[in-house]
Amino acid sequence: MASPVDIDSVAARLQQLITQAQLPGVEPGAHYGLPAFKVGGKAFVTVKNNETVVLAIPIDRKEQLMEMAPEIYFQTDHYVGWPSLPLRITAIGDEELQQRLIEAWQYRAPKKLLAAFRQM
């Protein structure tokens, strides 16, 4: 049985992947009182609890991901119709999680930061 994961270690994992991806302008903070990472003042990923992370992502992409990997990506009534996608943090590998963090960052980042990131 896997050892339990705490919110701080989930946030540390996200921080490590964000740093490795070299995403500019990221600030740790809080979103609705929960640990989050923001760009341009907007949360692009929030640690909901020790099992769930919520990404900011376009609704059409959200639908694709839920269909592609329902064991990782899911939705509750709270998120229907919103550009927010919960995922099971213990079910996703670092490589895929980093890709989703980049997507979420790109969705929320201001145009100047997007341009700088694309030039890297």
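Biologist: What makes the contact between arginine 100 and glutamate 96 a salt bridge?

Modeller: In this predicted model, the N to O distance for that pair is 3.7 Å. The cut-off is within 4 Å, for a side-chain nitrogen of Lys or Arg and a carboxyl oxygen of Asp or Glu, so the pair counts.

Biologist: Where do arginine 100 and glutamate 96 lie?

Modeller: Both are in helix H3, 4 residues apart, which is about one turn of the helix.

Biologist: And why is arginine 100 called buried?

Modeller: Its relative accessibility is 9%, and buried means under 20%, so the word fits. Glutamate 96 comes out at 24%; that falls between the 20% and 50% limits, so glutamate 96 is partly exposed.

Biologist: How do you know that arginine 100 also pairs with glutamate 103?

Modeller: Their side chains meet at 2.4 Å, N to O, and the limit is within 4 Å, so this is a salt bridge too. Arginine 100 and glutamate 103 are 3 residues apart in helix H3, so about one helical turn separates them.

Biologist: Which residues make up the salt-bridge network?

Modeller: Arg61, Glu96, Arg100 and Glu103 are linked in it. The structure holds 4 salt bridges.

Biologist: What about arginine 13 and aspartate 94, why is that a salt bridge?

Modeller: The closest N and O atoms are 2.7 Å apart. With a cut-off of within 4 Å, the pair therefore qualifies. This one links distant parts of the chain: arginine 13 sits in helix H1 (residues 7–21) and aspartate 94 in helix H3 (residues 94–108), 81 residues apart.

Biologist: Is arginine 13 buried or exposed?

Modeller: Buried: it has 19% relative accessibility, and the cut-off is under 20%. Aspartate 94 has a relative accessible area of 41%, which lies between 20% and 50%, so partly exposed is the right term.

Biologist: Let's turn to the largest pocket. How much space lies in it, and which residues lie nearest its centre?

Modeller: About 450 Å³. The lining has 16 residues, and His31, Tyr32, His78, Tyr79 and Ser84 lie nearest the centre. Strand E3 (42–47) and strand E4 (52–56) are the elements that give two or more residues to the lining.

Biologist: How do the lining residues split by class?

Modeller: There are 10 nonpolar, 4 polar and 2 charged residues. Tyr counts as nonpolar here, so Tyr32 and Tyr79 belong to that class.

Terms used. Residues are numbered from 1 along each chain as its sequence is written. This is a predicted model: local features need pLDDT of at least 70, side-chain atom pairs count only at pLDDT 80 or more; totals for chains, interfaces and linings use all residues. Side-chain values use heavy atoms; hydrogens and water are left out. Buried means under 20% relative accessible area, exposed over 50%, partly exposed in between (1.4 Å probe, protein chains only). On a 1 Å grid over the protein atoms alone, a cavity is a set of points where a 1.4 Å probe fits but cannot get out, and a pocket is an open set with protein on both sides within 12 Å along at least five of seven lines; lining residues have an atom within 4 Å of a point. Grid points are joined across faces, edges and corners, and a volume is the space filled by probe spheres set on the points.
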